[in-house]
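Welcome! Here is a short tour of a few spots worth finding in the structure below.

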Amino acid sequence: MFYTHPNTPASRWISVTFLQGAEADEVLGMIDRNGAAVAIEYLQQWDYGEETTDAALENGYVYDGIPAGSTDRTIESDGSTYALTYSTTFGYVSLLRQHPADSESELVPASRASAIQTARAHPDVADPWVASRDRSASRVGHRVAL
C-alpha cells in the first residue's frame with residue numbers, strides 16, 4: 001500500500017552553506033555590525049544555483065522546514081527565497097534557500113549516481129559534474145546535533 005502525506009509542503013529548504021569557527025565568527029560579527037540582511041547577501045556568494053541544489057539533494061541537506069535549534073536565531077526576509085539561521089552560543093551560521101518540493105527534482109538519475117560512485121571509487125576518473133560541484137559541496141550545510 002502506498003501512503004502519501006496530505007500536507008506535503010509546497011517548498012522545502014536546502015542548505016546553501018554552513019559555517020563554523022573563524023568563518024562563522026566573521027559572519028556573526030557582520031550580523032552584529034551591519035544586520036542580518038548584509039550577512040544573507042554576503043553568504044549568497046556560495047549559492048551556485050542548480051549545482052548547490054544537486055549537492056544538497058544528493059547529500060540529504062533538504063528540509064521540510066527551516067532547521068533550527070533552541071539557541072538559533074532565524075531570519076527570513078519577506079519576498080526572499082533565503083533564510084539565515086545562526087547561533088552565537090555555538091558559533092555557527094547557516095544559509096538556506098527555498099526549493100520547490102516536486103518529487104522528480106529530488107531523484108538522482110541512476111546514470112548520474114553511478115558516475116558519481118565511479119569517480120569516488122577511482123579518483124583518477126575525470127567526471128565533469130563531480131569536478132564542477134566541488135565548489136559548493138565543500139560549503140554545503142552539515143547537520144549539527146544539539
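A good place to begin is a side-chain pair: tyrosine 42 and glutamate 26 make a polar contact through their side chains, at 3.4 Å. Please keep in mind that this is a predicted model. From this pair, the tour moves on to a helix and then to three strands.

**Around tyrosine 42**
- Tyrosine 42 belongs to helix α2, which covers residues 36-43.
- With a relative accessibility of 26%, tyrosine 42 counts as partly exposed, because the partly exposed class lies between 20% and 50%.
- Beyond its neighbours within four places in sequence, tyrosine 42 has contacts with Glu26, Val27 and Met30.
- Methionine 30 is 12 residues from tyrosine 42 along the chain, and their C-alpha atoms are 9.3 Å apart.

**Helix α3**
- Helix α3 spans residues 50-59 and is mostly covered, with seven of its 10 residues buried.
- Among the buried residues of α3 are Glu51, Asp54 and Leu57.
- Just after α3 comes glycine 60, with a positive phi near 85 degrees.

**Strand β4 and its partners**
- In strand β4 (residues 82-87), six of six residues are buried.
- That cover reaches both faces of β4: Tyr82, Leu84 and Tyr86 lie on one side, and Ala83, Thr85 and Ser87 on the other.
- Strand β3 (residues 73-76) pairs with β4 in the antiparallel sense over four bridges, and isoleucine 75 stands opposite leucine 84.
- Five residues separate β3 and β4 in their hairpin, where glycine 79 in the turn has a positive phi of about 80 degrees.
- Strand β5 (residues 92-100) also pairs with β4 in the antiparallel sense, over six bridges, and threonine 85 stands opposite serine 94 in β5.
- The hairpin of β4 and β5 has four residues between the strands, and glycine 91 takes a positive phi near 65 degrees there.

Notes. Residues are numbered from 1 along each chain as its sequence is written. This is a predicted model: local features need pLDDT of at least 70, side-chain atom pairs count only at pLDDT 80 or more; totals for chains, interfaces and linings use all residues. Side-chain values use heavy atoms; hydrogens and water are left out. Helices (H or I, at least four residues) and strands (E, at least two) are DSSP runs, numbered from the N terminus. Buried means under 20% relative accessible area, exposed over 50%, partly exposed in between (1.4 Å probe, protein chains only). Contact means heavy atoms within 4.5 Å. A polar contact is a pair of N or O atoms within 3.5 Å; within protein, one must be able to donate a hydrogen and the other to accept it, and residues adjacent in sequence count only if both atoms are side-chain atoms. Two strands pair if DSSP finds at least two bridges between them.
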